[in-house]
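Welcome! Please have the sequence and the 3D view open, and work through the exercises below at your own pace.

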Amino acid sequence: LDELVALPEGTLGHAYARFMKAHGLTPDVFDGAPAEVRDPRAAYVIQRIRQTHDLWHVVTNAETDPAGEVALQAFTYAQLRAPSSGILAAVGLVRGARHSRQIIRDTVDLYRAGLRANKLAVFAWEDHWATPLAEVRRLLGLPEHSRGYGGYFAGLLAADKAKRMAA
């Protein structure tokens, strides 16, 4: 990450490194193929999707709070048709809508963006560390600038908990 954060501001690599550091994440979390998958080709694809998940956050501008993750799962479902992503998005949407209607808009918007975008799963991320983030988004068929998705849910949950405790 230190090498990537040293890249010029506004590049994919710099944005990814800052995102990871800001959220206390490490790219090493998914090293190694998933043990439960026997087919080596399927294991590679699953590992690759897991390893690039945080890059998907960066290019879609989805936060890591529950609302951002739910919206990104809807985007992922639109891209890959992975049943697990569809289930996570649907359940998260139903549960989250009790706290904020914004999650509905975020989830639908990112699902639609996932349908329109080029396939992120086959993008050669490592070839574009020094590429401006806006250019990477263009290559992927995503808006150059996004309003951002999620980032509000932790505060809503804390307020809801405080309200329940006061009652």
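Helices (H or I, at least four residues) and strands (E, at least two) are DSSP runs, numbered from the N terminus. This is a predicted model, in which local features need pLDDT of at least 70 and side-chain atom pairs count only at pLDDT 80 or more, while totals for chains, interfaces and linings use all residues. Residues are numbered from 1 along each chain as its sequence is written, and side-chain values use heavy atoms, with hydrogens and water left out.

**Exercise 1. A pocket and its walls**

Task: Find which helices each supply at least two residues of the lining of the second largest pocket.

Solution:

Step 1. Begin with the term. On a 1 Å grid over the protein atoms alone, a pocket is an open set of points where a 1.4 Å probe fits, with protein on both sides within 12 Å along at least five of seven lines; lining residues have an atom within 4 Å of a point.

Step 2. Look at the space itself. The second largest pocket holds about 250 Å³, a volume being the space filled by probe spheres set on the points, which are joined across faces, edges and corners. Its lining has 13 residues, and those closest to the centre are Ala-15, Arg-18, Phe-19, Val-58 and Leu-133.

Step 3. Assign the lining to helices. At least two residues each come from α2 (12–22), α3 (40–60) and α7 (133–140). Helix α2 gives the largest share, with four residues.

Step 4. Sort the lining by class. Five residues are nonpolar, four are polar and four are charged. Here Ala, Val, Leu, Ile, Met, Phe, Trp, Tyr, Cys and Pro count as nonpolar, Asp, Glu, Lys and Arg as charged, and the others, Gly among them, as polar.

**Exercise 2. A charged residue without a partner**

Task: Asp-54 has no salt bridge; which side chain of opposite charge is nearest, and how far away is it?

Solution:

Step 1. Place the residue: Asp-54 belongs to helix α3.

Step 2. Set the cut-offs. Buried means under 20% relative accessible area, exposed over 50%, and partly exposed in between (1.4 Å probe, protein chains only). A salt bridge is a side-chain nitrogen of Lys or Arg within 4 Å of a carboxyl oxygen of Asp or Glu. For charge, Lys and Arg count as positive and Asp and Glu as negative, whereas His and the chain ends are not counted.

Step 3. Search for a partner. The nearest side chain of opposite charge to the buried Asp-54 is Arg-50, 11 Å away.

Step 4. See what Asp-54 does touch. Leaving aside neighbours within four places in sequence, Asp-54 is in contact (heavy atoms within 4.5 Å) with Tyr-16, Phe-19, Met-20 and Leu-25.

**Exercise 3. A network of salt bridges**

Task: Which residues are joined with Arg-147 into one network by salt bridges that share partners?

Solution:

Step 1. The structure holds nine salt bridges. Take the one between Asp-109 and Arg-105, with N to O at 3.7 Å. Both residues lie in helix α6, four residues apart, about one turn of the helix.

Step 2. Move on to Asp-106, whose salt bridge with Arg-147 has its closest N and O atoms 2.8 Å apart. Asp-106 is in helix α6 and Arg-147 in the loop between α7 and α8 (153–166), so this pair ties together parts that are 41 residues apart in sequence.

Step 3. Asp-109 also meets Arg-147 in a salt bridge, at 2.8 Å from N to O. This pair links distant parts of the chain, 38 residues apart.

Step 4. Put the pairs together: Arg-105, Asp-106, Asp-109 and Arg-147 form one network through shared partners.

Step 5. Compare accessibility. Asp-106 is buried at 1% relative accessible area. Partly exposed are Asp-109 at 23%, Arg-147 at 40% and Arg-105 at 46%.

**Exercise 4. Residues in loops**

Task: Is Leu-142 buried or exposed?

Solution:

Step 1. Leu-142 sits in the loop between α7 and α8.

Step 2. Its relative accessibility is 8%, so Leu-142 counts as buried.

Step 3. Not counting residues up to four places away in sequence, Leu-142 touches Val-59, Thr-60, Phe-75, Ala-113, Ala-117 and Arg-137.

Step 4. Now try Thr-131, in the loop between α6 (102–116) and α7. With a relative accessible area of 16%, Thr-131 is buried.
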